[in-house]
Each structure stands twice: as C-alpha cells, then as structure tokens.
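Biologist: I should like to go through this model and ask, for each label, what justifies it. Please set the values against the criteria as we proceed.

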Amino acid sequence: MIPRLDATPDQIASAARRVMARCDELARVTSTPGRIERVYLSPEHARVNRLAAEWMREVGMTTRQDAAGNQVGRLGPPDAPALLLGSHLDTVPDAGRYDGIAGVLMALEVVRLLRAPGPDGTWLSPFPFALEVVAFSDEEGTRFGKALLGSSAVAGSWSDEWWSLTDAEGTTVREAFLDFGLDPGRIDEAARRPSDLVGYLEAHIEQGPELDRRGESLAVVSSIASARRFQLLVEGEARHAGGTPYDMRRDALLGASEAALAVETICRAEHHIIGTVGQLEAFPGAVNIVPGEARFSLDLRGEFDGERDRVWNAIARELDAIMGRRGLRWSAREVHSAPAVFCAPLLQEVIGAGIASTAPVAPPVTLFSPAGHDGMAIGAITDVGMLFLRNPDGISHHPDEAVSTDDVGLGIRALAEAVLHLAAEPT
Ligand code: GLV
Ligand code: MN
Ligand code: MN
C-alpha cells in the first residue's frame with residue numbers, strides 16, 4: 001500500500017510561497033548589480049551555500065559542503081543508502097531566478113513534508129533510505145567554460161585536465177579551489193559510491209514552451225539530451241577594407257556567418273536536434289580590416305547520440321564546402337561531449353504517479369529535455385528521474401524566466417508523492 005502524502009492544501013501553498021520567496025532572496029546574491037550572475041567558487045557561491053545550509057538545518061538535516069563545493073543536507077542514519085534530491089545554485093550570466101534554484105528549494109520542501117518526528121525534537125527519514133538534498137555548485141559552466149563540474153565530482157568523473165581550465169581573468173580551477181578554501185588534493189572525497197545511493201530525483205523548470213503550449217503544469221522527463229560543444233576557427237586573410245576587391249577577399253567572418261546559417265538549416269530539417277552558435281568573434285576586429293580570422297562556438301544537442309553525431313558530420317561536410325568556396329581554412333576543437341542520459345523507467349513511473357496524484361484524469365505528459373542537467377553526470381552512478389515544471393513562454397537563461405507559485409505547489413506535491421511511491425517499491 002502506498003501511503004498518500006499527508007499534507008493539506010495550505011501546507012503545500014505555503015511551501016510553494018516559501019520556494020518563490022527564497023528564489024527572490026537567492027537572486028539578490030549576485031556578482032553583478034541589477035543582474036543575476038553567480039558562478040562557481042565565487043564569494044556569491046559561498047553565500048548561497050551558507051543560506052542553503054541554514055535552510056537544510058531548518059528542516060532537520062545535517063549539512064556539509066563537499067570537496068567540490070556542493071552543499072549537501074542529509075536526514076537519516078549515517079549508514080543508510082540515500083535518495084538524492086536536488087539541482088544547482090549557479091547561474092548563467094544575466095540569468096533568471098528559477099533555473100536550478102527552484103529545484104533545490106522544492107527538494108527542501110519535500111523533505112519538510114515527508115520527515116518524521118524523532119526523539120528530542122529531531123527529525124528522521126520515514127523510509128529505509130536517507131533523504132539528501134544536494135545543491136550542485138556548477139551545472140552551467142559559466143566561469144570555466146566546462147559544465148557539470150560539481151555533479152561530475154560527485155559522480156567520481158572529475159578529470160585532472162580540468163585543474164588548468166581558466167576563467168576570464170586567467171584564474172585556474174586549482175587556484176579558485178584554494179581561494180574558496182577547498183583542497184584540490186581532496187577532490188576524490190566528493191565522489192559517491194553507487195552502492196550508497198538509491199537514485200537521484202530533480203525538479204526543474206522546462207526551459208522550453210512545450211508544457212505552456214499544452215496547458216499542462218508538469219511533465220515526466222524521459223531523457224536528457226546528448227550534447228557536443230565545439231570551438232571553431234576560420235582562417236582567411238586580413239587586408240585593407242577599402243582597397244581589397246571582393247574577388248581577392250578571404251573574409252573569415254563571412255565564412256563563419258555562412259557556417260552559422262548552415263547549422264540552422266541542417267538542424268531545422270531534423271527532429272529533436274538543436275544547434276546554436278552562441279559566440280562569434282572576428283579578428284583583428286577593426287572597422288577597416290577584412291577579418292582574417294573568426295572564432296565561433298557550436299552547441300549541438302540531440303535526443304540520441306547517433307543522430308547528433310550524424311548531424312555533426314553533415315555540418316562538417318557543409319563547412320568544407322563553404323570554406324572551400326571562400327578560400328578559407330577551418331578547424332574545430334571539441335570542448336564538451338556528453339552522451340544522452342535516459343531516465344530510469346522506475347523513476348519515470350513514480351514521477352508519473354506523483355503527477356497523476358495532482359491531476360487524476362489525464363495521463364502525465366512525457367518530455368525529452370534538450371537542456372542539460374546535473375543528472376547527465378549523476379546518471380553514471382545512480383538512476384536519474386526528473387520532473388519538469390511549466391515555464392511560461394518557454395523563456396530561460398534570461399531574466400524574464402518564470403514559473404507560477406501554483407505550479408511550484410503542484411510540483412512539490414508530485415515530487416513528494418514520487419518519493420512515497422518509490423519507498424513503497426520492493427528493493
Ligand atoms: C544548461 O542549462 C544547458 O543546457 O546548457
Ligand atoms: Mn541553465
Ligand atoms: Mn539548470
């Protein structure tokens with residue numbers, strides 16, 4: 001028998017209001033006045049970890065900051081395996097206030113609803129597993145250009161090459177660890193053993209318009225996109241902007257521009273493949289010089305690794321053709337590659353049951369996530385399940401990013417019910 005969540009509509013509504021108010025509070029912890037930006041191993045990162053730790057202790061959890069700067073709260077006996085709930089607290093530049101953050105705060109409310117009273121005013125996990133809330137420290141990769149640093153450390157897949165990555169000021173990851181008060185030599189201590197984990201559940205805003213278009217609040221996530229990221233270089237010849245006739249120009253910026261348009265054309269013709277050129281720079285970068293060099297980024301995502309790779313090959317062939325016509329050379333350096341992560345069938349089932357408990361008639365919507373999430377790294381060590389919340393107008397990575405208090409309430413109920421359904425499963 002699956003116990004129903006013992007929570008009144010008022011309790012859920014006040015939990016949702018607390019999540020919204022705390023999203024506003026965390027939005028004020030920013031390095032850039034008037035905008036939200038909070039990057040890995042920054043003073044703002046330390047401040048939000050302290051706030052999260054305070055809120056974790058408020059629901060009865062013991063807390064620690066792990067060796068990669070992830071903030072962790074735990075409720076349950078030290079030797080029990082743990083169900084991880086959470087998301088991330090770092091942001092992109094000029095961010096919204098819900099991407100990642102809402103998921104961490106909702107996880108805390110789920111713990112508040114599910115915890116059982118223990119002796120002497122303490123709180124216990126009512127399950128044969130502990131409940132942990134993890135606030136991952138670096139999902140976005142804003143500072144060092146490499147995403148999922150926090151969750152990769154937890155997954156035990158930290159790479160020594162990452163120590164020498166630098167931020168815009170030239171500070172390395174190693175230096176930033178030391179400045180933050182973390183010991184690079186202890187990074188392995190952040191890693192969790194699969195046998196110590198029951199699974200990972202994350203609530204996140206959708207970051208796209210599907211739920212809004214369908215008039216639905218919540219969705220089960222089926223998988224997280226596979227991704228590849230490249231830095232591309234186009235080399236031509238810098239010459240005088242006035243004196244060089246068109247038939248003599250080898251304009252690298254025009255080659256890169258045509259490449260960006262080709263990425264759009266090729267990806268638009270595909271299903272569930274998205275390519276984005278988000279950075280483009282011309283060199284030497286003067287008004288009166290034909291650009292001799294251009295650099296641009298490519299972010300390519302797909303539901304399946306094979307499809308994504310086939311499309312990359314098609315893009316590469318098109319770049320050969322474009323650059324050949326224009327007398328340019330091009331090369332690509334792959335800076336990120338992550339396989340698709342499929343949410344575990346059991347966790348999809350319990351999240352579906354959680355959603356059904358909030359809207360008993362319709363079968364829950366299932367969506368694939370083109371956006372990246374910490375589950376991409378955590379999937380290497382435990383089962384992953386995700387719940388999406390409607391994101392009005394589908395706008396994210398932008399200050400207008402939104403979610404409604406009502407949907408947060410439904411999401412909290414669905415996530416708590418999902419945990420109850422999971423606890424009722426035979427181990
Ligand atoms: C992170 O939000 C990503 O999908 O790039
Ligand atoms: Mn994001
Ligand atoms: Mn996110």
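Modeller: Let us begin with a term. A nonpolar core is a set of buried Ala, Val, Leu, Ile, Met, Phe, Trp, Tyr and Cys residues joined through side-chain atoms within 4.5 Å. The model is predicted. Its largest nonpolar core has 60 residues, and those with the most contacts inside it are Leu387, Val408, Ile412 and Val419. Helix H3 supplies the largest share of this core, 11 residues.

Biologist: What makes the group with Ala130, Val134, Ala338 and Ile378 another core?

Modeller: A core is a set joined through side-chain atoms within 4.5 Å. The group of 27 residues that includes Ala130, Val134, Ala338 and Ile378 lies apart from the largest core, and therefore counts as another one.

Biologist: Which residues does Ile412 touch, beyond those up to four places away in sequence?

Modeller: Ile412 touches Ala15, Ala16, Val19, Met106, Glu109, Val110 and Leu113. Each of these contacts rests on heavy atoms within 4.5 Å.

Biologist: Why is strand E18 called mostly covered?

Modeller: The cut-off for buried is under 20% relative accessible area. Six of the six residues of E18 (residues 384-389) are buried, so the strand is called mostly covered. Val384, Met386 and Phe388 point one way, Gly385, Leu387 and Leu389 point the other way, and all are buried.

Biologist: How do you know that E18 pairs with E7 and with E8?

Modeller: Pairing requires at least two bridges. Six bridges join E7 to E18, in parallel, so these two strands pair. Three bridges join E8 (residues 218-224) to E18, in antiparallel fashion, so this pair qualifies also. For example, Tyr200 has Val384 in E18 as its bridge partner, and Ala219 stands opposite Phe388 in E18.

Biologist: What makes His88, Asp99 and His204 donor residues of the manganese ion (ligand 3)?

Modeller: Donor atoms must be N, O or S within 2.8 Å of this kind of metal. His88 (NE2), Asp99 (OD) and His204 (NE2) lie at 2.1 to 2.3 Å, so they satisfy the criterion. Water is not among the atoms, so a site may look incomplete. The sequence spacing of the donors is H-x10-D-x104-H. Asp99 also coordinates the manganese ion (ligand 2), which is 3.5 Å from ligand 3. Asp99 lies in the loop between strand E3 (82-88) and helix H3 (101-114) and His204 in strand E7 (residues 197-205), so the pair ties together parts that are 105 residues apart in sequence.

Biologist: Why are Asp99 and His204 called buried?

Modeller: Asp99 has 5% relative accessibility and His204 has a relative accessible area of 2%. Buried means under 20%, so both labels follow.

Biologist: What makes the approach of Arg229 to ligand 1 a polar contact?

Modeller: A pair of N or O atoms must lie within 3.5 Å. A polar side-chain atom of Arg229 lies 3.1 Å from an oxygen atom of ligand 1, so the pair qualifies. A backbone N or O atom of Gly372 is 2.6 Å from a ligand 1 oxygen atom, and a polar side-chain atom of His397 is 3.2 Å from one.

Biologist: Why is Asn391 called buried?

Modeller: Its relative accessible area is 0%, under the 20% limit, and Asn391 is therefore buried. Asn391 lies in the loop between E18 and helix H11 (405-423), and its side chain reaches the backbone oxygen of Ile395 at 3.1 Å.

Key: Residues are numbered from 1 along each chain as its sequence is written. Chains are lettered from A and ligands numbered from 1 in the order in which they are written. This is a predicted model: local features need pLDDT of at least 70, side-chain atom pairs count only at pLDDT 80 or more; totals for chains, interfaces and linings use all residues. Side-chain values use heavy atoms; hydrogens and water are left out. Donors are N, O and S atoms within 2.8 Å of the metal (3.2 Å for Na, K and Ca); water is not among the atoms, so sites may look incomplete. Helices (H or I, at least four residues) and strands (E, at least two) are DSSP runs, numbered from the N terminus. Buried means under 20% relative accessible area, exposed over 50%, partly exposed in between (1.4 Å probe, protein chains only). A polar contact is a pair of N or O atoms within 3.5 Å; within protein, one must be able to donate a hydrogen and the other to accept it, and residues adjacent in sequence count only if both atoms are side-chain atoms.
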